[in-house]
Amino acid sequence: MARHTGKNMDKARKAVEPRPYKLDEGVELLQKVKFAKFDETVELVLRLGVDPKQADQMVRGTLVLPHGLGKSKKVLVIASGEKIREAEEAGAELVGGEEMVKKIQEGWTDFEAVIATPDMMKSVGRLGKVLGPRGLMPNPKAGTVTFDVKNAVQEIKAGKVEFRTDKTALIHAPVGKINFPAGRLVENAQAIISAVVKAKPVAAKGTYVKGITLSSTMGPGISIDLATAEAHA
């Protein structure tokens, strides 16, 4: 099985020329060379000219993709009082207060997004070591610490994406599923690139977007023409 997959990967890589592709060409090629039996996730990676060690050069933000991600996330809302009912009515699968915090402390992580109301953050703050490494810690800048629970849940369900630079100045962001119509993947990718360009820190000097790569879960990486980013500057 592994040998068969290896042959397919080699074939897919050979189909990719060592040059930058226009975004729409890259998407079409990625779909053409796919070989996995499941609906892979398509991801965009941007290499930025920033120093992530400097607080004033951190790049982060959120956006709701025009065509969603093709999969509704399982949302946990940690709240109290009337906000519990609001979260349930908005479509959150998991809702609760202190008991949810305790479950997470005991090792439970059967959720894909977490929203918390500000009054619960004293308790939620204790979950940093569990949620932080998974990228699930509620944060006001990401809109996941809020009393507007209804809107926060609906945005996540609609395909809200959070992006931020890692330690190597890379941003990894999901674009959608490989079986999406090509045009939808292109528009989702353009929306992410535009959001990253708009989030350029004032302290960033020189070339901001240094590289863009498009790939799928099992597919090869395809270099994307930087003019795509410049068009959104």
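This short presentation covers the nonpolar core, the salt bridges, a charged surface patch and two residue pairs in a predicted model.

Good morning, colleagues. Let me begin with the interior. The largest nonpolar core has 43 residues. Within this core, L44, L46, L48, L63, I192, V196 and Y208 are the residues that touch the most other members. Several elements each supply at least two core residues: the helices α1 (2-14), α2 and α8 (182-198), together with the strands β1 (41-48), β6 (160-164), β7 (170-177) and β8 (209-216). Which element gives the largest share? That is α8, from which nine residues of the core come.

I turn now to the charged pairs. Side chains of opposite charge can pair when their charged atoms come close. In this model there are nine salt bridges, and I shall discuss some of them.

Helix α3, which spans residues 82-90, is a convenient place to start. Here K83 is bridged to E86, with 2.9 Å between the closest N and O atoms. Why are these two separated by about one helical turn? The reason is that K83 and E86 stand three residues apart in the helix. As for its surroundings, K83 has a relative accessible area of 23%, and is therefore classed as partly exposed.

The same topic continues with R85 and E89, whose side chains form a salt bridge at 2.9 Å, N to O. Both residues belong to helix α3, and their spacing of four residues is about one turn of the helix. Is each partner buried or exposed? R85 has 42% relative accessibility, so it counts as partly exposed. E89 reaches a relative accessible area of 60% and is therefore exposed, the cut-off being over 50%. A network of salt bridges links R85 and E89 with E82.

A further bridge joins E98 to R126, and in this case the closest N and O atoms are 3.8 Å apart. E98 is in helix α4 (residues 98-105), while R126 is in the loop between α5 (121-124) and α6, so this pair ties together parts that lie 28 residues apart in sequence. E98 is partly exposed because its relative accessible area is 43%. R126, at 49% relative accessibility, is likewise counted as partly exposed.

Next, the surface. A patch of negative charge is formed there by D24, E25, E28, D225 and E230. Which helix gives the most to the negative patch? Helix α2 (residues 23-32) does, with three residues. Another member of the patch, E230, is located in helix α9 (residues 227-230). E230 counts as exposed because its relative accessibility is 58%.

Finally, I would draw attention to two pairs described by their C-alpha positions. A142 sits in the loop between α6 (128-131) and α7 (149-158). Its relative accessible area is 4%; since buried means under 20%, A142 is buried. Between A142 and K160 there are 9.8 Å in space, C-alpha to C-alpha, and the two are 18 residues apart in sequence.

The second pair begins in strand β7, where P174 is found. P174 has 27% relative accessibility and so counts as partly exposed. From P174 to A189 the C-alpha distance is 8.5 Å, with the two residues 15 apart in sequence.

That concludes the presentation, and I welcome discussion.

Definitions and conventions
Residues numbered from 1 in each chain as written. Predicted model: local features only at pLDDT ≥ 70, side-chain atom pairs only at ≥ 80, totals over all residues. Heavy atoms only, no water. Patch = residues over 30% accessible without salt bridge, like charges linked within 9 Å, V, L, I, M, F, W, Y side chains within 5 Å. Areas by Shrake-Rupley, 256 points an atom, 1.4 Å probe, with all protein chains shown as cover. Salt bridge = Lys/Arg side-chain N within 4 Å of Asp/Glu carboxyl O. Lys, Arg positive; Asp, Glu negative; His and termini not counted. Charge placed at Lys NZ, Arg CZ, Asp CG, Glu CD. Buried < 20%, exposed > 50% of the residue type's maximum accessible area, 1.4 Å probe, protein only. Core = buried A, V, L, I, M, F, W, Y, C linked by side-chain atoms within 4.5 Å.
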